[in-house]
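Biologist: I am just starting to read protein structures, and I would like a close look at a single part of this one. Please take me through it step by step.

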Amino acid sequence: IDWKPGKTYEDITYHKSDGIAKITINRPHKRNAFRPKTVFELYEAFCDAREDTTIGVVLFTGSGPHTDGKYAFCSGGDQSVRGQAGYVDDAGIPRLNVLDLQRLIRSMPKVVIALVAGYAIGGGHVLHLICDLTIAADNAIFGQTGPKVGSFDGGFGASYLARIVGQKKAREIWFLCRQYDAQQALEMGLVNCVVPVDELEAEGIKWAGEILEKSPIAIRCLKSAFNADCDGQAGLQELAGNATLLYYMTEEGAEGKQAFLEKRPPNFRDFPWLP
Ligand code: 2NE
């Protein structure tokens, strides 16, 4: 695949090719931990991928291996910039802006695939969790650390994890803060498949290629339908937004707009009241 570089960032890299965007956290010396700047850059790149009508799939990954040979997808919030009220940015403002990124990944009408090599730990584990699909390398390691390092994610990190692996397993993961290998993750339904680490990107591209052959509107409606189940009114808004989109695309929907613009009463008489 011929990756074309997108905008240049400090903490991430961004590439596109043939309907696929690739967003890579690039802080391998910190096991790809995120600071506020990392999250702002990720948010901008994900927004770009959402807005680009040629992009249907985003591969989300971490750069590696580091010079010590170890891989990481992401090790969560950068503890060295954690202040009293969050992760402190260059202006001294404490933030938890990764929560905005979680919502964007979850609600964007494109398929986001996490490619996990090495550690997906803490807030980095939650990031892979909320992606639509996860492909794990055989060296992947998963786990939460919150109760060990004085943190927790009681949002998607807890409730959505429980939807995926079940209540007992989710409580085990958070209460014991153990690490799980790729095979264990596969067995608990936390990842979709496991491949050798040097085949990880190729496998992601293969899955993306299969998705890109499918109907974009069918995929976007399905993604919002899966989300609606646990996202309350925000989930319903997302699902209903697709109904509005489809209605705008009908002659019936267009008649209402046209009548307004032509300053005449709308004529909906020709449209059937289907059973
Ligand atoms: C990821 C893990 C298990 C890897 O262990 P290991 O032994 O392979 O590497 P090591 O030596 O711990 O880490 C290598 C370098 O990366 C830094 C380390 O400090 C070390 O730096 P140097 O000593 O070489 O200078 N590093 C790794 N993770 C970091 C991090 N998160 N922040 C800052 N520096 C980090 C092991 O490194 C580990 O357990 N890391 C911490 C994982 C963690 O607890 N993350 C935060 C969870 S809380 C969170 O993410 C969160 C939340 O709960 C709610 C909202 C938002 C975020």
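Let us start at one edge of the seven-stranded sheet. Which residue in strand 2 stands opposite Lys 4? From there, please walk me across the sheet and show me what packs on it.

Modeller: Happy to! Keep in mind that this is a predicted model. The residue opposite Lys 4 is Lys 16, in strand 2.

Now look at the whole sheet. The sheet is open and has seven strands, in the order 1-2-3-4-9-11-14, and their pairing is mixed. Its edges are strand 1 (4-5) and strand 14 (193-195), each of which pairs on one side only. So that you can follow along, I will go from the strand 1 edge to the strand 14 edge.

Strand 1 runs antiparallel to strand 2 (residues 12-17), and two bridges join them. These two strands make a hairpin, with six residues between them. Next come strand 2 and strand 3, which pair in the antiparallel sense over six bridges. Here Tyr 14 has Ile 23 in strand 3 as its bridge partner. Strands 2 and 3 also form a hairpin, this one with two residues between them. If you look at the turn, you will find Asp 18 there, with a positive phi of about 50°.

Further across, the sense of pairing is parallel: strand 9 (residues 111-116) and strand 11 (residues 133-137) pair that way over four bridges. Two pairs of residues let you see how these strands line up. Leu 115 has Ile 135 in strand 11 as its bridge partner, and Val 116 stands opposite Ala 136 in strand 11. On the way to the edge, strand 11 is joined to strand 14 by three bridges, and these two strands run parallel. Ile 135 appears again here, since it stands opposite Cys 193 in strand 14.

Let us pause on strand 11. How many of its five residues are buried? Five of the five are buried, and the strand is mostly covered. Follow the side chains along it: Leu 133, Ile 135 and Ala 137 point one way, while Thr 134 and Ala 136 point the other way. Both groups are buried.

What packs on the sheet? One element that does is helix 8 (residues 200-212). This helix touches strand 3 (20-25), strand 4 (57-62), strand 9, strand 11 and strand 14, and its direction makes about 165° with that of strand 9.

Now for the nonpolar residues. In soluble globular proteins, nonpolar side chains tend to be buried together. In this model, the largest nonpolar core has 48 residues, and Phe 46 and Phe 60 are the ones with the most contacts inside it. Helix 1 (residues 36-51) supplies the largest share of this core, six residues. You can use Phe 46 as a guide to its surroundings. Beyond its neighbours within four places in sequence, Phe 46 is in contact with Ile 23, Val 58, Phe 60, Leu 101, Leu 104, Ile 105, Met 108 and Val 112. Ile 23 is the bridge partner of Tyr 14 that we met in the sheet. There is also a second, separate core of 16 residues, which includes Trp 3, Val 57, Cys 193 and Ala 208. You have already seen Cys 193, opposite Ile 135.

One last stop is Ile 55, in the loop between helix 1 and strand 4. Is Ile 55 buried or exposed? Its relative accessibility is 4%, so Ile 55 counts as buried, the cut-off being under 20%. Setting aside neighbours within four places in sequence, its contacts are Lys 16, Gly 19, Ile 20, Ala 21, Ala 49 and Lys 110. That list brings us back to your question, because Lys 16 is the residue that stands opposite Lys 4. Finally, try finding Leu 212 from Ile 55: the two are 157 residues apart in sequence, but 8.9 Å apart in space, C-alpha to C-alpha.

Key: Residues numbered from 1 in each chain as written. Predicted model: local features only at pLDDT ≥ 70, side-chain atom pairs only at ≥ 80, totals over all residues. Heavy atoms only, no water. Core = buried A, V, L, I, M, F, W, Y, C linked by side-chain atoms within 4.5 Å. Buried < 20%, exposed > 50% of the residue type's maximum accessible area, 1.4 Å probe, protein only. Contact = heavy atoms within 4.5 Å. Pairing = 2+ DSSP bridges. Axes fitted to C-alpha atoms, helices over the stretch in contact; angles between N-to-C directions.
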